[in-house]
Amino acid sequence: MGEEVTVDINTCLNIGAKAEVKTCHGKKYFGEILAVDRASKLMFLKCKAESSNGVKSKRSDIVLINIAMITSFNPEEGNKSEASSNAPNSLPVNIDKLEERLRLSISEKQRRVSRVGINVPKFAQECFDHIAKQYQCSWESQCIIVEPLNIRIQPPYTPEAAVGPPGAGLDYIRKILSHRQKSISSP
């Protein structure tokens, strides 16, 4: 690598330009600038995907870099030799990775939304949240369904309102409801 060139970063942050960027965390990236958001001080850099198990990838990663954290910025002209070997050129973005992230994000959001009861009292939601820490639960109208134990908790969410097959599971759920009820009634 040649000498580091001191440049005004703001004049070189052009979309499509290639550059080597070093951050204050010691990370070094080389790639194409895809986008710049000066208001939030972010730069999106398209870099070659990191290889796993020594196998070179034909895909690219997109790295978000805080512009304020850049310690060294060298446009492609400053390091031609490295540019020719590291530039992502027109490698495709790893669509599979993006689709997987999107799928995981959507399923997590759906899971969180399904845990919120509609038109249920605060006490019922608290009971649901407490039981859901240990068992998979869902809402069926205003009833809490503890799926693995096949237990249904109906309003008013008292220990007697828990209905299901007799056994340790039902006793445990009733004990949780009793404890939650006592914690609300005592100051």
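Me: Is Asn 119 buried or exposed?

Reply: This is a predicted model, and such a reading rests on the relative accessible area of the residue. A residue counts as exposed when this value is over 50%. Asn 119 has a relative accessible area of 66%, and it is therefore exposed.

Me: Where is Asn 119 found, and what is its phi?

Reply: Asn 119 belongs to the loop between helix H3 (95-114) and H4. Its phi is positive, about 55°, although Asn 119 is not a glycine.

Me: What is the phi of Lys 41, and where is that residue found?

Reply: Lys 41, which is not glycine either, has a positive phi near 60°. The loop that holds Lys 41 runs between strand E2 (28-37) and strand E3 (42-48). With a relative accessible area of 48%, Lys 41 is partly exposed.

Me: How should a nonpolar core be read, and which residues of the largest one touch the most other members?

Reply: The general idea is that nonpolar side chains tend to be buried together in soluble globular proteins. In this structure the largest nonpolar core has 19 residues, and those touching the most other members are Ile 131, Ile 144, Val 146, Ile 153, Tyr 157 and Ile 173. At least two residues each come from helix H4 (122-132), strand E6 (137-140), strand E7 (143-146), strand E8 (151-153) and helix H5 (168-185). H4 gives the largest share, six residues. Another core, of 13 residues, lies apart from this one and includes Leu 13, Ala 19, Ile 33 and Leu 45.

Me: Which residues does Tyr 157 touch, not counting those up to four places away in sequence?

Reply: Tyr 157 touches Val 120, Pro 121, Phe 123, Ala 124, Trp 139, Gln 142, Ile 144 and Leu 177.

Me: Which residues does a cis peptide bond join?

Reply: The angle to read is omega. The cis bond joins Pro 155 and Pro 156, with omega about 15°. Pro 156 is part of the loop between E8 and strand E9 (162-163).

Me: Is Asp 61 buried or exposed, and with which side chain does its own make a polar contact?

Reply: The cut-off for a buried residue is under 20% relative accessible area. At 17%, Asp 61 is therefore buried. This residue is found in strand E4 (residues 60-66), and its side chain makes a polar contact with the side chain of Lys 97 at 3.1 Å. Neighbours within four places in sequence aside, Asp 61 is in contact with Leu 45, Lys 46, Cys 47, Lys 48, Ala 49, Glu 50 and Lys 97.

Notes: Residues numbered from 1 in each chain as written. Predicted model: local features only at pLDDT ≥ 70, side-chain atom pairs only at ≥ 80, totals over all residues. Heavy atoms only, no water. Core = buried A, V, L, I, M, F, W, Y, C linked by side-chain atoms within 4.5 Å. Buried < 20%, exposed > 50% of the residue type's maximum accessible area, 1.4 Å probe, protein only. Helix = DSSP H or I, 4+ residues; strand = E, 2+ residues; numbered from the N terminus. Contact = heavy atoms within 4.5 Å. Polar contact = N/O pair within 3.5 Å; in protein donor to acceptor, adjacent residues only side chain to side chain.
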